[in-house]
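Student: I'd like a close look at how the aromatic rings in this chain are placed. Could you start there, and then show me the sheets and loops around them?

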Amino acid sequence: MYNAGQAMGMTFWAPNINIFRDPRWGRGQETPGEDPVVAGKYAVSYVRGLQGDCFEGGKVDVLQASACCKHFTAYDLDNWNGIDRYTFDARVTMQDLADTYQPPFRSCIEEGRASGLMCAYNRVNGVPNCADFNLLSKTVRGQWGFDGYIVSDCDAVSLVYDVQGYAKSPEDAVASVLTAGMDVDCGSYLQKHGKSAVMEKKLTESEIDRALLNLFTVRMRLGLFNGNPRKLPFGNIGPDQVCSTEHQTLALEAARNGIVLLKNSDRLLPLSKGETLSLAVIGPNANATDTLLGNYAGPPCKFISPLQGLQSYVNNTMYHSGCNDVACPSASIENAVDVAKQADYVVLVMGLDQTQEREKHDRLDLVLPGKQEQLITSVAKAAKKPVVLILLCGGPVDISFAKGNSNIGSILWAGYPGEAGGAAIAETIFGDHNPGGRLPVTWYPKDFIKIPMTDMRMRPEPPSGYPGRTYRFYTGEKVFEFGDGLSYSSYSYEFFSVTPNKLYLNQPSTAHVVENSSYVSVSELGTEFCEAKKFSAIIAVRNGGEMAGKHPVLLFVKQAKAGNGSPMKQLVGFQNVFLDAGESANVEFILSPCEHLSRANKDGLRVMEQGIHLLVVGDKEYPIAIVA
């Protein structure tokens, strides 16, 4: 019904929680975006919902489903310029692992209490993920307390010897993954070579026993040995329950909340229902159905294409595809222009689909394919009034040409919004839904492709011209920024209450200065100190517009003088608030200085830095001084 990836990230709602670090990644559409906090919160909610936990968290012994966090870790390259995920060795610093790649997985396990974890195909710093004892046993089980099963990505075990050459034989490959802490092979390699690995004394039966224990413990929690499955609580779920009215309503609500309004010159949108007598809907994605789903989606209950959604508002709706498909090697520009000239308003529905971005297929550029740009600009120039541009795509595209074109009045990004996407788009265009989505990723200019996808560094390196990645570190030009998103209403903020405005770290027997007096190790402060120093930040939010709407409040932290590899800013919390026109409400965030005001040093350890830290929401800032 719904692709639980990018569009869900826009709403700030087995999850793919890898960081969408590079805009060309074909599977970026599956993730909740580029921010580790968003990815972590998404993972926790997703896992708790699937496994049957409450959203507040608790200890769940009986599972209604087993949720598996994937793909662990530093995986965001599929097939780019002849380099594929099977051979790729991701070179990642301890600093980047600590504050970018690992946090979503840690949240998935510690807070979500996932019962499954999937290790990825790629290597990290020379070691295959599924054969990395430090990752699987020391970190996941030892530090994060994971007590579920660890499964390989499908046929990843075979790569350890056959492709990556990390092991000297198939038996060595089997031994390396099981002794590292992996439990289940999604494939047949263990079946083929496990017995010989034991016979050659490269693998002990105790390692097999441990793997079986981890797997069967989860199976027992699922109730798989409790008799006839038809008589168990979830033994009779059928299509009628999947396609219930409640679930289809949820699909529509998710699609609505995922739409991001990126441009709305002269308040072109929403269009008037009574005054829009004719409408032209143009573009290769205008009548799309399967495209709405993205990838890894189940069969829909029904489809509503953008064209069908818009036809429900305007009887006199004309349609032209403009191109045969999104690749658009040639465009019927003259015919599309003729259709556009006849209508009061024009809606262009463009973008990408799974032929352009998908698993095993990364993009080589960041522009709209083929002649889409030429079609857009020609139609926009010929139309009676500024046009509305809708983009269906998982990854970002450089649409600078449209952002600065006065003939293009509004731009909406809908991601791959699911089966009800067309209805949600139409509701937004005609004002039955007030858009509140925000971008979960940075939209880079097309020249960003000069940066190799294989460069995993998050932080910039000015001497070499390397600009860094994501809103936290990227120093280059942006088409749109993480968190961008307009509304038909205007919202304002004030810091209503924040305590304290100073934080003292010189607690007896807990403060420990490392390297110099500017840094204090979080681990040395201790759990008791960190818990005691949590504080509340209350933000007053007002809807100053004429339309009610759901509004995401994004709270960031930044240092007044950032340095030493600190992010330029970091999201620390987000909440949705629904406000009627003219209504105000207070939104409270509980912050932990040890978590939210610290940073990772080069060794991957959390440290707190003296100086002024700023809480930021919208255009408002609130200073907090950290004093050692």
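**Rings, sheets and loops**

Tutor: Let's begin with a cluster: F20, W25 and Y75 are linked to one another by ring pairs. Keep in mind as we go that this is a predicted model.

How many aromatic pairs does the structure hold? The count is 17. One of them is formed by Y313 and F430, and that pair is stacked, with 4.8 Å from centre to centre and 5° between the planes. Those two values are what you want to look for, because a pair of aromatic rings is described by the distance of the centres and the angle of the planes.

Now, where do these two rings sit along the chain? Y313 belongs to the loop between α12 (306–311) and β11 (317–320), while F430 belongs to the loop between α16 (421–429) and α17 (470–473), so the pair ties together parts that are 117 residues apart in sequence. Is each ring buried or exposed? Y313 is partly exposed, with a relative accessible area of 23%. F430, on the other hand, is buried, at 4%.

Next, try F495 and Y622, a pair that is tilted: the centres are 5.7 Å apart and the planes make 45°. Here the partners come from strands, with F495 in β15 (residues 491–498) and Y622 in β25 (residues 620–627), so that pair links distant parts of the chain, 127 residues apart. F495 counts as buried, because its relative accessibility is 17% and the cut-off for buried is under 20%.

Rings can also have a charge for company. The charged end of R457 sits over the ring of Y466, 4.0 Å from the ring centre. Likewise, the charged end of K70 is found over the ring of Y296, with 5.0 Å to the centre.

K70 takes us to the sheets, so let's follow the chain there. An open sheet is formed by three strands in the order β1-β5-β8, and the pairing is parallel. The edges belong to β1 (68–72) and β8 (149–152); each has a single partner strand, so one side of each is left without a neighbour in the sheet. From one strand to the next, the twist averages 25°. β1 and β5 (residues 116–119) are joined over three bridges in the parallel sense, and if you look for C68, its bridge partner in β5 is G116. Being at an edge doesn't leave β1 uncovered, though: five of its five residues are buried.

There's another open sheet to see, this one made of six strands in the order β9-β14-β13-β12-β10-β11, with mixed pairing. Its edge strands, each pairing on one side only, are β9 (260–264) and β11. Ignoring direction, neighbouring strands here are turned by 15° against each other on average. Inside this sheet, β10 (residues 279–282) and β12 (residues 345–351) pair in the parallel sense over four bridges; A280, for example, has V346 as its bridge partner in β12. Helix α13 (residues 333–341) packs on the sheet and touches β10, β11 and β12, its direction making about 155° with that of β10. Helix α14 (residues 372–382) lies across β10, β12, β13 (387–392) and β14 (408–413), and runs at about 175° to β12.

The loops around these strands have some details worth finding too. Which loop holds both P270 and D266? P270 is in the loop between β9 and β10, and D266 is found in that loop as well. The peptide bond from L269 to P270 is cis, with omega near 0°. D266 has a positive phi, near 55°, in a residue other than glycine. D266 counts as exposed, at 80% relative accessibility. Further along, K360 is another non-glycine with a positive phi, about 70°, placed in the loop between β12 and α14.

Last stop: go back to β15, the strand that carries F495. P500 lies in the loop between β15 and β16 (502–504), and the peptide bond from T499 to P500 is cis, with omega near 0°. As for the other partner, Y622, the UniProt record places a "domain: Fibronectin type III-like" feature (unreviewed entry) at residues 551–621. Over that stretch the chain is 6% helix and 61% strand, with the end C-alpha atoms 19 Å apart.

Conventions. Residues are numbered from 1 along each chain as its sequence is written. This is a predicted model: local features need pLDDT of at least 70, side-chain atom pairs count only at pLDDT 80 or more; totals for chains, interfaces and linings use all residues. Side-chain values use heavy atoms; hydrogens and water are left out. Two strands pair if DSSP finds at least two bridges between them. Helices (H or I, at least four residues) and strands (E, at least two) are DSSP runs, numbered from the N terminus. Axes are lines fitted to C-alpha atoms, for helices over the stretch in contact, and angles run from 0 to 180 degrees between N-to-C directions. UniProt positions are given in the numbering used here, feature names are shortened, and annotations may be inferred rather than shown by experiment. Rings of Phe, Tyr and Trp (its six-membered ring) pair if their centres lie within 6.5 Å; planes under 30 degrees apart count as stacked, over 60 as edge-to-face and the rest as tilted. Buried means under 20% relative accessible area, exposed over 50%, partly exposed in between (1.4 Å probe, protein chains only). A charge sits over a ring if NZ of Lys or CZ of Arg is within 6 Å of the ring centre and within 35 degrees of the ring normal. Contact means heavy atoms within 4.5 Å.
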